[in-house]
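Trainee: Got a minute to go through this one with me?
Mentor: Sure, put it on the screen.

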Amino acid sequence: IVVKTLGTQHVVPDHARALSEASWARACLKLGAPADEEQTLYRPLLLGACTSGAPEVVQWLAAQGLQSKLDAQADANKALRWACFHGHERIVLQLSELYCLGTEDARILDNWALRHASMGGRAPVVRILTSRYGLGVNDIDEALDWTAESQSKGRALLREERAHLVATQVL
């Protein structure tokens, strides 16, 4: 594995792939990347942790101060979008708690996170997006507009969450 930083190549042995994500992150630290390059070095690790479901890595990166809100928002909030797509509830919560992602982050790309969480039948993630991230009825309506008729499971989940939001709204 070759990790490129500004003007420097760091070679990580192929056997590093067999290590847990957290161990691989610790190994990267030993590469001695300059402080201003560390965040660039760890951005793929944050995305990989959010995609593969490694909440301990997300926690570790935050605890080490290696990633910021801007890193979590990189590539149109790809870390959040993929955590939602794969149904990683704990990571979706961590991104809100540790990196202060909010409503606008969840709305990016026409509510991509909400649409794909619902199409995958990820009800707990849909609930987190409405309760923690503040997505509302209008967001659900927009997601319904985007969700194909053939996605009956996703549409049913969105309708159920919409009914829950309407029922719990304070008038």
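**Salt bridges and packing**

Mentor: Start with Glu-161: at 4% relative accessibility, Glu-161 is buried. Keep in mind that this is a predicted model.

Trainee: Which residue does Glu-161 form a salt bridge with?
Mentor: Arg-127. The closest N and O atoms are 2.8 Å apart. Arg-127 lies in helix 8 and Glu-161 in helix 10, so the bridge ties together parts 34 residues apart in sequence.

Trainee: And Arg-127, how accessible is that one?
Mentor: Arg-127 is partly exposed, with a relative accessible area of 33%.

Trainee: How many salt bridges does the structure hold?
Mentor: Five. One of them pairs Arg-162 with Asp-141, with the closest N and O atoms 2.5 Å apart. Arg-162 is in helix 10 and Asp-141 in helix 9, so that pair links parts 21 residues apart in sequence. Arg-162 is partly exposed at 30%, and Asp-141 is partly exposed at 24%.

Trainee: Which residues do shared salt-bridge partners join into one network?
Mentor: Glu-104, Arg-107 and Asp-139. Within it, Arg-107 and Asp-139 have their closest N and O atoms 2.8 Å apart. Arg-107 sits in helix 7 and Asp-139 in helix 9, so the pair ties together parts 32 residues apart in sequence.

Trainee: Is Asp-139 buried or exposed?
Mentor: Buried, at 6% relative accessibility. Arg-107 is partly exposed at 31%.

Trainee: Back to helix 8. Which of its residues are buried?
Mentor: Val-125, Val-126, Ile-128, Leu-129 and Thr-130. The buried residues of helix 8 pack against helix 5, helix 6, helix 7, helix 9 and helix 10.

Trainee: What's the C-alpha separation between Arg-90 and Ile-128?
Mentor: 9.7 Å, with their positions 38 residues apart along the chain. Arg-90 is found in helix 6. Arg-90 counts as exposed, at 52% relative accessibility.

Trainee: New topic. How many disulfides does the structure hold?
Mentor: Zero. Take Cys-50: the nearest cysteine sulfur belongs to Cys-84, 9.6 Å away. The cut-off for a disulfide is 2.5 Å, so a pair at that separation does not count. Cys-50 is buried, with a relative accessible area of 0%.

Trainee: Zooming out, how many helices and strands are in the protein chain?
Mentor: Ten helices and two strands. Along the sequence, both strands precede the helices.

Trainee: What share of the residues count as buried?
Mentor: 43% of the 171 residues. Among contacts between residues at least 6 apart in sequence, 67% join residues at least 24 apart.

Terms used
Residues numbered from 1 in each chain as written. Predicted model: local features only at pLDDT ≥ 70, side-chain atom pairs only at ≥ 80, totals over all residues. Heavy atoms only, no water. Helix = DSSP H or I, 4+ residues; strand = E, 2+ residues; numbered from the N terminus. Buried < 20%, exposed > 50% of the residue type's maximum accessible area, 1.4 Å probe, protein only. Contact = heavy atoms within 4.5 Å. Salt bridge = Lys/Arg side-chain N within 4 Å of Asp/Glu carboxyl O.
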